[in-house]
Amino acid sequence: MAQAPAADATPAATLAPKRQLAALRMSQPVKLDGVLDEAVWREAAVATDFIQNRPNPGPHEKHPTEVRVLYDEAAIYVGAIMHDVSQDSIPRELTDRDNFGNTDFIAIFLDTYEDKLNGYAFFVTTGGVQMDARYSPASGEDFNWNAVWESRTSLQGTDWVAEIRIPYSALRFSTAAVQQWGLNFMRQRKRDNQAFFWNEVKPGVDGFVNQWGVLTGLRDLKPPLRLSLTPYVSSYVNHNPLNAEGTRRTTTSFNGGADVKWGINESFTLDATLVPDFGQVQSDNQVLNLSPFEVQFNENRQFFTEGTELFNKGNLFYSRRVGATPIGFYSTVAGPNERIVRNPSETPLLNATKISGRTSKGLGVGIFNALSNNVYATIRNKETGEEREVLTQPFSNYNIAVLDQSLKNNSFVSLINTNVTRAGSTYDANVTGGLFRFANKSNSYATEGRVVYSRRRGTNFNSEEQVSDRDGYKYYLNFGKVSGNFTWQVDHGIESDTYNPNDLGILFGNNNISQSAQLVYRKFKPFWKVNNFAIFGVASHTLLYKPTLYRAVNFYLGSNTTFTKSFNQIGFDFNYDPVTHDYFEPRTFPLGSHYVRVPGNARIEWFLNSDSRKKFAYGLNAGLQHYNRDERLPRPRRTGYSLGAYPRFRFNDHFTIRYSIDWSLRANQIGYVNGGMDSNEILDRPFMGQIMLGLRDVSTVSNVVSAAYTFTNRMAFTLRVRHYTSNVHYNGFSTLSKNGEEQLVDYRRNRDNTYNAFNVDAVYSWWFAPGSQISVVWKNAGTTYLQAEEATPQYFNNFNNTINTPHNNSVSVKVLYFLDYLAVRPKR
């Protein structure tokens, strides 16, 4: 929300002078009520005269903001008065936590080690909704981080007032007797879509934390004992009508565990989750995957999204690997007279622990560790009823260690190691990477790079065969101009054919040599009838690493702008790709002998986003992809179409409904026949051992309806309903030979298929005390996979089929209670 894009090596792209504000130490506590009526507030120095960052960078605010900072032995206090024209000029939509709505807000930013790279942010809206974030080079602006702090707001005449208390337990800082921190304040006036900073943040300067001012006057701060315990209890009732015969369709469970946070010292914190329960997280957006690569899902588990900026260095950590589907899940097979009655699709965690922090010298240290237990599938003999267990996931340890040294001029060097160790006779994996970024003194030019080595040792699961990809490497180098209206960069990278970080990271395809050049021009000042303008172009070239063969050349051009009065945003993305050789689609290894030849094609997509301040707002996009004709075979030309609409209606400050629909059609696409060949199918037998490609139409529709009713700034109800359907219809088949050659064949087996997914997530949440929550969740899920004659392209047939198919239903209640040692310790 606050991060500004980079952009001008003219005076507009030089850092603004750093303002200073002295914090005042107080001896008597203030009442946190959103009314700054204590005398000590009048004694404190005032931060005012904020400078606009958007939509027109540079002008000083017309409606003054006044912010004061106090502190005592336990917390930092911020008191802010936002002057305005009238109460009608102050929008105040209520939303759930960490969600910006149609509202004004005030924010305080703190760089407690003043390293100009890492910082904290605390936002509060006119309605008292809290948001907090961490800033780092790895994660940018990360709202997944949550702290326990307090705030109150009030309306007073034509002003609104915010009073904030940030306990030292929410921060990390040194033990120096005299300290100064990086400091900034931000005010949003939503009525005019304006954002202001106390210390000017220029969009033409690379970086954000480095553009903050200075908080002085901090003396004799003593980092407290940061120790908190958040125990939980949860209960589930689950009904699955698809459970195997002879097993219970309705099950119940009662769970308990805790999260522990311990400040080891002033710099480092231990976070641990013991017997975690992630059953209430939002359902994944399941899709039909026709590609040769896995689907990457979002991480919705708070422990793995909060405070992980160090572990995300180098993009070597994909947290969904921890607690993922057991590695033997898909290879579990029942005998002739047996059936599988239980095969868990998730690996439960025993515990997970993070230790992270940064010293006063700018050295960041992070250690992550998680343990998962053995997982077994249960197979039952149909005649005797005797059951046996099959190991699908051995006891496993996941570990990450990070060292990250902050340097001057927005620079850093980092070392990261990830490791997966599994019990028993299967393989272990280790990845080590070194990263750096160096910028010149004016932060106008920078170079960055990384070198990564992957190592795997052992045998494949339930096999005597040695694991492949035993040793591999990757490197990447980038250099460019990072500040100014006009920026550019060039880069080059290699991922060897044996580089494999996927045991704890994610990589869709290795064996790659790539290089690209990028040019960007941005204009931040309003001109003509627009507030801003950006245009960017990229040219890239990729090769197969081993053997060194041509893969692709890509050209991209994009632009966007926002109109001055309407605040409608429009833009386009245009791609042109000459003939591409896709070595992954044939599913043959090692790569190099076979590829699918993709004709040259061009794609353009337009988008429009309306003014979000209005009750009714919307987004629209439309895309068209046109392929050259493949003259080698008598086949129709490939085409692609897409449409998307995203309307939103805000009934009042409490209730909002959103709807999204995405439709796409890829006509006459050529791809690997999903499912491959099966020797048990008579029509497949003549083609066994050959690579079968299909000429197919793929149509996909995704509908999502979500509603949110926010009772107060601490209580909300949300409902999300999603229906997804994708239909594949084959019009012809060919076999693939070397060098991309195809031969049409008379293959008669019907390979059409339709995939449907339906999910409901209904959540009631109440933050009844700081850090403490009650949540009630109902989840409904159902999927169908229709093949051959059962598959249908009719959307409403698919929808009715999905609704009428038995669904899994789960209702759960979970209670979290935050216990802070400082609050519950005996008073002396």
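Trainee: Hi! How many aromatic pairs does a search of the whole structure find?
Mentor: Such a search finds 50 aromatic pairs. Keep in mind that this is a predicted model.

Trainee: Can you show me one? How are Tyr 445 and Trp 488 arranged as an aromatic pair?
Mentor: Tyr 445 and Trp 488 meet edge-to-face, with 6.3 Å centre to centre and 65° between the planes. An angle over 60 degrees is what counts as edge-to-face.

Trainee: And where in the chain do Tyr 445 and Trp 488 come from?
Mentor: They link distant parts of the chain, 43 residues apart. Tyr 445 sits in strand E26 (residues 445-457), and Trp 488 belongs to strand E28 (residues 486-495).

Trainee: Is Tyr 445 buried or partly exposed?
Mentor: Tyr 445 is partly exposed, with a relative accessible area of 34%. Trp 488 counts as partly exposed too, at 25% relative accessibility.

Trainee: What about Tyr 730 and Phe 733, why is that pair called stacked?
Mentor: Because the planes of the Tyr 730 and Phe 733 rings are at 15°, with the centres 5.3 Å apart. Both of these residues are buried.

Trainee: Which residues do ring pairs link into a cluster?
Mentor: There are several, among them Phe 100, Phe 105, Phe 109, Tyr 135 and Trp 212. Phe 197 and Phe 208 are also included.

Trainee: Back to E28. How does E28 pair with strand E27?
Mentor: Strand E27 (residues 471-481) and E28 are antiparallel and share eight bridges. In one of those pairings, Leu 477 has His 492 of E28 as its bridge partner.

Trainee: How many residues lie between the strands in the hairpin of E27 and E28?
Mentor: Four residues lie between them, and Gly 484 in this hairpin takes a positive phi near 120°.

Trainee: Which strand is joined to E28 by 10 bridges?
Mentor: That is strand E29 (residues 512-523), which runs antiparallel to E28. Here Gln 489 is matched with Gln 518 in E29.

Trainee: New topic: which residues touch the most other members in the largest nonpolar core?
Mentor: Phe 122, Trp 181 and Phe 185 do, in a core of 37 residues. Strands that give two or more residues to this core include E4 (65-71), E7 (119-125) and E12 (178-189). As background, nonpolar side chains tend to be buried together in soluble globular proteins.

Trainee: What is Trp 181 in contact with, leaving aside its neighbours within four places in sequence?
Mentor: Its contacts include Ile 76, Leu 110, Leu 171, Phe 173 and Val 214. Asp 111 and Thr 112 are also among them.

Trainee: Which residues does the second, separate core include?
Mentor: Among its 23 residues are Phe 311, Leu 316, Phe 368 and Tyr 398.

Trainee: What does the UniProt annotation say about residues 32-189?
Mentor: The unreviewed UniProt entry annotates that span as "domain: Carbohydrate-binding". In the model, residues 32-189 are 3% helix and 46% strand, and their end C-alpha atoms lie 24 Å apart.

Trainee: What is the strand order in the open sheet of five strands?
Mentor: The order is E2-E4-E5-E11-E10, with mixed pairing. Strand E2 (24-25) and strand E10 (150-156) each have a single partner strand, so they stand at the edges with one side lacking a neighbour in the sheet.

Trainee: How many bridges join E10 to E11?
Mentor: Seven bridges do, and the two strands run antiparallel. One example is Leu 155, whose bridge partner in E11 is Trp 160.

Trainee: Now the loops. Is Asp 206 buried or exposed?
Mentor: Asp 206 is buried, with a relative accessible area of 15%. Its place is the loop between strand E13 (194-197) and E14. The Asp 206 side chain makes a polar contact of 2.9 Å with the side chain of Arg 437.

Trainee: Where are the prolines with cis peptide bonds, and what is omega for Arg 54 to Pro 55?
Mentor: The Arg 54 to Pro 55 bond is cis with omega near 5°, and Pro 55 lies in the loop between strand E3 (51-54) and E4. Lys 546 and Pro 547 are also joined by a cis peptide bond, with omega about -5°. Pro 547 sits in the loop between strand E30 (530-544) and strand E31 (549-563).

Trainee: Last one: what is phi of Asn 410?
Mentor: Asn 410 has a positive phi of about 60°, although it is not a glycine. Asn 410 is buried at 13% relative accessible area, in the loop between strand E23 (396-407) and strand E24 (411-422).

Key: Residues are numbered from 1 along each chain as its sequence is written. This is a predicted model: local features need pLDDT of at least 70, side-chain atom pairs count only at pLDDT 80 or more; totals for chains, interfaces and linings use all residues. Side-chain values use heavy atoms; hydrogens and water are left out. UniProt positions are given in the numbering used here, feature names are shortened, and annotations may be inferred rather than shown by experiment. A nonpolar core is a set of buried Ala, Val, Leu, Ile, Met, Phe, Trp, Tyr and Cys residues joined through side-chain atoms within 4.5 Å. Buried means under 20% relative accessible area, exposed over 50%, partly exposed in between (1.4 Å probe, protein chains only). Contact means heavy atoms within 4.5 Å. Two strands pair if DSSP finds at least two bridges between them. A polar contact is a pair of N or O atoms within 3.5 Å; within protein, one must be able to donate a hydrogen and the other to accept it, and residues adjacent in sequence count only if both atoms are side-chain atoms. Rings of Phe, Tyr and Trp (its six-membered ring) pair if their centres lie within 6.5 Å; planes under 30 degrees apart count as stacked, over 60 as edge-to-face and the rest as tilted.
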